[in-house]
Amino acid sequence: VALGASSAKQLNCGSCHLENYRGEKGIPRLAGQVPNYLERQISEFKRGVRPHPAIPAAAEKLNDPTIEALAVYFGKLEP
């Protein structure tokens, strides 16, 4: 969880998904999502399978343990 929290801060996820990661309107919620779902989505951003307006360059540098940590962190947050 600590690695996920620090990685989310470093990636500046809160700048779009809001500080509580609950998103709004056209911005998806990360908080409370199922970790396996989030892992798959982040991995697809990394591989370029899915487009993302902000994360592609940063996601390329993420390793699997960091992706898993992000997913677990977001999954533990209150939706």
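**Group meeting: the core, the rings and the pocket**

The largest nonpolar core here has 16 residues, and those with the most contacts inside it are Ala8, Cys13, Tyr21, Leu30, Leu62, Leu70 and Phe74. Two elements, α3 and α5, give two or more residues to this core, and of these α5 gives the most, with five residues. I should say straight away that this is a predicted model, and that every value I quote this morning is computed from it. As general background, nonpolar side chains in soluble globular proteins tend to be buried together.

Let me stay with Phe74, which sits in helix α5, residues 64–76, and is buried, with a relative accessible area of 2%. If we leave aside its neighbours within four places in sequence, which residues is Phe74 in contact with? The list runs through Ala8, Cys13, Tyr21, Leu30, Ala31, Gly32, Gln33 and Leu38.

That brings me to the aromatic rings, where the count comes to three aromatic pairs. One of them joins Tyr21 and Phe74 in an edge-to-face arrangement, with 5.0 Å centre to centre and 65 degrees between the planes. Why does this pair tie together parts that are 53 residues apart in sequence? Tyr21 lies in the loop between α2 (14–17) and α3 (35–47), whereas Phe74 belongs to helix α5, so the contact between the two rings links that loop to that helix. Tyr21 is itself buried, at a relative accessible area of 8%. Phe74 also pairs with Tyr73, and here the geometry is tilted, with 5.5 Å centre to centre and 50 degrees between the planes. Tyr73 is buried as well, with a relative accessible area of 15%, and Tyr21, Tyr73 and Phe74 form one aromatic cluster.

Now to the cysteines, since someone on the bench will ask about them. How many disulfides does the model contain? The count comes to zero. For Cys13, the nearest cysteine sulfur is that of Cys16, and it is 8.8 Å away, while a disulfide would need the two sulfur atoms within 2.5 Å, so this pair does not qualify. Are these two cysteines buried or exposed, or something in between? Cys13 counts as buried, at 12% relative accessibility, whereas Cys16, at 37%, counts as partly exposed. Cys13, you will recall, is among the core residues with the most contacts, and it is also in contact with Phe74.

Next, the largest pocket, in which about 540 Å³ of space lies. It is lined by 26 residues, and the closest to its centre are His17, Pro28, Leu30, Phe45 and His52. Leu30 therefore deserves a second look on your screens, because the residue named here is also one of those with the most contacts inside the nonpolar core. As for the elements, α2, α3 and α5 each supply at least two residues of the lining, and the largest share, five residues, comes from α3.

I will finish with Arg22, which lies in the loop between α2 and α3 and is partly exposed, with a relative accessible area of 39%. Not counting residues up to four places away in sequence, Arg22 touches His17, Arg29, Ala31, Glu78 and Pro79. The C-alpha atoms of Arg22 and Lys76 are separated by 12 Å, although the two residues are 54 residues apart along the chain.

Definitions and conventions:
Residues numbered from 1 in each chain as written. Predicted model: local features only at pLDDT ≥ 70, side-chain atom pairs only at ≥ 80, totals over all residues. Heavy atoms only, no water. Phe/Tyr/Trp six-rings, centres within 6.5 Å; stacked < 30°, edge-to-face > 60°. Helix = DSSP H or I, 4+ residues; strand = E, 2+ residues; numbered from the N terminus. Buried < 20%, exposed > 50% of the residue type's maximum accessible area, 1.4 Å probe, protein only. Core = buried A, V, L, I, M, F, W, Y, C linked by side-chain atoms within 4.5 Å. Contact = heavy atoms within 4.5 Å. 1 Å grid on protein atoms, 1.4 Å probe; cavity = no way out; pocket = protein on both sides within 12 Å on 5 of 7 lines; lining within 4 Å. Points joined across faces, edges and corners; volume = space filled by probe spheres on them.
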